[in-house]
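Here is a friendly walk through one protein model, from a short helix to the sheet and a helix pair. Have the viewer open as you read.

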Amino acid sequence: MPTFRALPPSKLRNTGRRQPVAEPDASSIHVPVARAMVDCGVYSDGVRLPGKYTHAAALDKVREIESDGLQAFVWIGLHEPDEHQMQAVADVFGLHELAVEDAVHAHQRPKLERYDDTLFLVLKTVKYVANDAVARTREIVETGEIMIFVGPDFVVTVRHGEHGGLAGVRKHIDTTPANCKLGPYAVMHAIADHVVDDYLDVTDLVEHDIDEMEENVFSPNRATEIEHIYLMKREVVELRRAVSPLATDLQRMTSDHNDLISKEVRRYMRDVLDHAIKASDRISSYDEVLSSLVQAAVGKVSMQQSTDMRKISAWVAIAAVPTAMAGIYGMNFEHMPELKATWGYPAVLLTMLAICLLLYRTFRRNHWL
């Protein structure tokens, strides 16, 4: 309930004016969980039950079905919940406070943690930012996060970021009862598979940009801008931080938690592990290619600078000849060669032109111009 600051009676008497209304304390106003809830579904025997549920009512429904000897679980999806909303869900599902804190504040690295019979998996989502050319963008890869709490009869997913929606994954789960019968860990597999497939798609698009950079660096008639390569290298580093740690966690999942995850689900998770390793290997190779491109670009720029300096030096040498001769004949001495001759002026001009043409021909022959 909102709290108000009451004024003492002495302040309310004989004031002759209307007292202002106290503002509610913002810290005491809690937004309901439904505002952060994207979807909440109850699944029994591989089929989603009709109806809409709150997080507490959904778990009660699952426990009611389990009391009849049937298997059921609930999947609740949240998008960027605040502390109160996440704590309300944690109180119902019995989530550990450390994992709840990570889910609220985000900015976590990919990791897998176990709290009794609950697994907590953090996945980094990636999205390729479409661009006409790398030179005209400042961001190529956008990242987000998905936290997954998986228990015996529930899945709680917390998503951070504007991309990485799980509507497609939920639709697939709803239309494949055979996979859904495998329980809540089948949902975890479906989400992990979706995220890792996005890794492969993004790496394909990044590879196209790197190929374009490589063509630009080794093209003789194009200017090379090293800062674009550094931009791509920064994005690849961010991509590597999102993808590479996941392989270790998926390996642990398929080997260390046999008491929680069924054999069939572990088989599916091994396939996800293979794709994650493939994406990680691609990213490592991109990092090596970009390092080589930086060295090649630096060498190309050095060659361009050397060529430019030779051209400048050649033109300076050519310009020095008329400058020197004009300087000599501009000293106004009385006794100078050909100073009184009628043909002296054109002779000096022709001499200047002849020497300049000779120097120009020499520099052209030596590829300085």
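## Helix 5, the sheet and a helix pair

Let's begin with helix 5: what covers its buried residues? The cover includes strand 1 (37-44), strand 2 (47-48), strand 3 (72-79), helix 6 (177-180) and helix 7 (184-217). Bear in mind that this is a predicted model.

Helix 5 spans residues 167-174, and its two sides can be set out as follows.

| Residues of helix 5 | State |
|---|---|
| Val-169, Arg-170, Ile-173 | buried |
| Ala-167, Gly-168, Lys-171 | exposed, on the other side |

Viewed down the axis of helix 5, the buried residues fall within an arc of 95°, so they line one face of the helix. The general background is that an α-helix has 3.6 residues a turn, so residues three or four places apart point the same way.

Next comes the sheet. Seven strands make up an open sheet with mixed pairing, in the order 2-1-3-7-6-5-4. Strand 2 and strand 4 (111-115) are at the edges with a single partner strand each, so one side of each has no neighbour in the sheet. Further in, strand 5 (residues 118-128) and strand 6 (residues 141-150) run antiparallel and are joined by 10 bridges. Leu-119 stands opposite Val-150 of strand 6.

Finally, helix 7, which is among the elements covering helix 5, also pairs up with helix 9 (residues 263-329): their axes come within 9 Å and cross at roughly 20°. Angles under 35 degrees count as roughly parallel, and helix 7 and helix 9 are therefore roughly parallel to each other. Their crossing is left-handed.

Key. Residues numbered from 1 in each chain as written. Predicted model: local features only at pLDDT ≥ 70, side-chain atom pairs only at ≥ 80, totals over all residues. Heavy atoms only, no water. Buried < 20%, exposed > 50% of the residue type's maximum accessible area, 1.4 Å probe, protein only. Helix = DSSP H or I, 4+ residues; strand = E, 2+ residues; numbered from the N terminus. Arc of directions from axis to C-beta. Contact = heavy atoms within 4.5 Å. Pairing = 2+ DSSP bridges. Axes fitted to C-alpha atoms, helices over the stretch in contact; angles between N-to-C directions. Parallel < 35°, antiparallel > 145°, perpendicular 65-115°, else oblique. Left-handed = near helix turned anticlockwise from the far one by under 90°.
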